[in-house]
Amino acid sequence: MKKSNKMIAAAAAGALLLTGGVTAVANAVAPEAAPVTAPAAPVAAEVQPAAENVVAQNRIAVGASSAAVNAALAKCQADKLPFVTVALVDRFGTVQALLRGDNAAEHTIEAAKQKAYTAAAFGAPTSELAKRINGNGPSIADLPGTLFLAGGVPLKVNGVSVAGIGVGGAPDGALDEACATAGAEALAVAAK
């Protein structure tokens, strides 16, 4: 190796040793930084149950819902209409109970739910609401999720509609409504 190459190699080795020493001193002097963590998000907020914060609402209990749809289907079966579906929904259309009779067509499921929701939302039997539809231009019949055919009956607590029971599948809406009424009456009788 030439003398100039030895001098360059020695200078490079010296530079490496010097850099390593400076780094070691810096690490020894600088305090170790704490790991950065995001603040914990609250899991839930506790809302005070005051009237200005919370809306209280009534729902038909599961046992009563089951009894009502059973009573409605039993009425249809007694009337030789076993091929219907009965639905009980809350005021927002959420199904509380649904019972599909033997050989009930698939469309009867949606028809029963929509009749029940329509009766619950408007607080009137769908047979009465159907009279408001005149076929001239937009109407309440255009509202999504509604069905203005007889067979839906509202369920009220202290005069306020909280749910509806609907029946779909009979050859006449009046027959559906008679079954829905039997289901509603089962709730009234159970409460006495």
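Reading the protein chain from the N terminus, we meet its elements in the order α-α-β-β-α-α-β-β-α, which comes to 5 helices and 4 strands. Please keep in mind that what we are looking at is a predicted model. Of the 192 residues in the protein chain, 29% count as buried, and the chain exposes about 12,200 Å², of which carbon and sulfur atoms supply 60%.

Let me turn to the strands. Strand S1, residues 85–90, and strand S2, residues 95–100, run antiparallel and are joined by 5 bridges. The two form a hairpin with 4 residues between them, and in that turn Gly93 has a positive phi of about 90°. If you would like one pair to find on the screen, take Leu88, whose bridge partner in S2 is Ala97.

The other hairpin is made by S3 and S4, with 2 residues between the strands, and here Asn158 takes a positive phi near 55°. Strand S3, residues 152–157, pairs with S4 in the antiparallel sense over 6 bridges, and Val157 stands opposite Val160 in S4.

How, then, do the hairpins come together? S1 and S4 also run antiparallel, and 6 bridges join them; Leu88, which we have already met as the bridge partner of Ala97 in S2, stands opposite Ile165 in S4. The result is an open sheet of 4 strands in the order S2-S1-S4-S3, with antiparallel pairing. Why is one side of S2 and of S3 left without a neighbour in the sheet? These strands stand at the edges, and each has a single partner strand, so there is nothing in the sheet on the other side of either of them. From one strand to the next, the twist averages 15°.

Onto this sheet packs helix H3, residues 107–122, which touches S1, S2, S3 and S4, and whose direction makes about 155° with that of S4. When we look at S4 itself, residues 160–168, we find a strand that is mostly covered, with 8 of its 9 residues buried. As a general point to carry with you, the side chains in a regular strand alternate between the two faces of the sheet.

Finally, a word on how the chain makes contact with itself along its length: among the contacts in the protein chain with a separation of 6 or more, 61% come from residues 24 or more positions apart. The pairing of S1 with S4 is a good place to look next, since you can follow its 6 bridges on the model.

Technical notes. Residues numbered from 1 in each chain as written. Predicted model: local features only at pLDDT ≥ 70, side-chain atom pairs only at ≥ 80, totals over all residues. Heavy atoms only, no water. Pairing = 2+ DSSP bridges. Buried < 20%, exposed > 50% of the residue type's maximum accessible area, 1.4 Å probe, protein only. Axes fitted to C-alpha atoms, helices over the stretch in contact; angles between N-to-C directions. Contact = heavy atoms within 4.5 Å. Areas by Shrake-Rupley, 256 points an atom, 1.4 Å probe, with all protein chains shown as cover.
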